[in-house]
Amino acid sequence: MGTYYVTKESQEIAGCRLIRYGIGCRWRETLGLSHNRQAVEWLVERCNTLELDPIHLEDVVQDFLWEQGEPMRTIAG
């Protein structure tokens, strides 16, 4: 099983710095899930506590996005 962690990406648009957080493990990263670091930290904690197999990460991320109000977002490996 993988150990999950929070990823962080920063982007500057029209003079404003935007920060988005994602989830990663040894095998993959899914960047830019949310501006809410606490929500992503919760997701990472749940994945680690439940010892989520990375093969299921995409499904878990889709569920997370649905709950965050972004159901149409696609996941890029």
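**Note on the helix pair and the sheet**

1. Start where the two helices meet. From α1, Ala 39, Val 40, Leu 43 and Cys 47 touch Val 60, Phe 64 and Gln 68 of α2. Sorted by class, this contact holds six nonpolar residues and one polar residue. No charged residue takes part. Keep in mind that this is a predicted model.

2. Next, the geometry of that pair. Two packed helices are described by the angle between their axes and the distance between the axes. Here the axes of α1 and α2 come within 12 Å. They cross at roughly 145°. The crossing of α1 past α2 is right-handed.

3. Now step back to the whole chain. How many helices and strands does the chain have? There are two helices and three strands. Read from the N terminus, the order is β-β-β-α-α.

4. The strands come together in one arrangement. Strands of a sheet pair through backbone hydrogen bonds, either parallel or antiparallel. In this model the three strands form an open sheet, ordered β1-β2-β3. Their pairing is antiparallel. Which strands stand at the edges? They are β1, residues 5-13, and β3, residues 29-34. Each has a single partner strand, so one side of each lacks a neighbour in the sheet. From one strand to the next, the twist averages 35°.

5. Look at one strand pair in detail. β1 pairs with β2, which covers residues 16-24, in the antiparallel sense. Nine bridges join β1 and β2. To trace one of them, find Lys 8: its bridge partner is Tyr 21 in β2.

6. Where do the helices sit relative to the sheet? Helix α1, residues 37-49, lies across β1, β2 and β3. It runs at about 10° to β2. Helix α2, residues 57-68, also packs on the sheet, touching β2 and β3. The direction of α2 makes about 5° with that of β3.

7. Some totals for the chain. It has 77 residues, and buried residues make up 32% of them. The accessible surface comes to about 5200 Å². Carbon and sulfur atoms account for 49% of that surface.

8. Finally, contacts along the sequence. Take the contacts with a separation of 6 or more. Of these, 43% join residues that are 24 or more positions apart. When you view the model, begin at the meeting of α1 and α2, with Phe 64 as one of the residues to find. Then move to the sheet and follow β1-β2-β3 in order.

Definitions and conventions: Residues are numbered from 1 along each chain as its sequence is written. This is a predicted model: local features need pLDDT of at least 70, side-chain atom pairs count only at pLDDT 80 or more; totals for chains, interfaces and linings use all residues. Side-chain values use heavy atoms; hydrogens and water are left out. Helices (H or I, at least four residues) and strands (E, at least two) are DSSP runs, numbered from the N terminus. Buried means under 20% relative accessible area, exposed over 50%, partly exposed in between (1.4 Å probe, protein chains only). Contact means heavy atoms within 4.5 Å. Accessible areas come from the Shrake-Rupley method with a 1.4 Å probe; for residues, only the protein chains shown count as cover. Two strands pair if DSSP finds at least two bridges between them. Axes are lines fitted to C-alpha atoms, for helices over the stretch in contact, and angles run from 0 to 180 degrees between N-to-C directions. A crossing is left-handed if the near helix is turned anticlockwise from the far one by less than a right angle, and right-handed if clockwise. Ala, Val, Leu, Ile, Met, Phe, Trp, Tyr, Cys and Pro count as nonpolar, Asp, Glu, Lys and Arg as charged, and the others, Gly among them, as polar.
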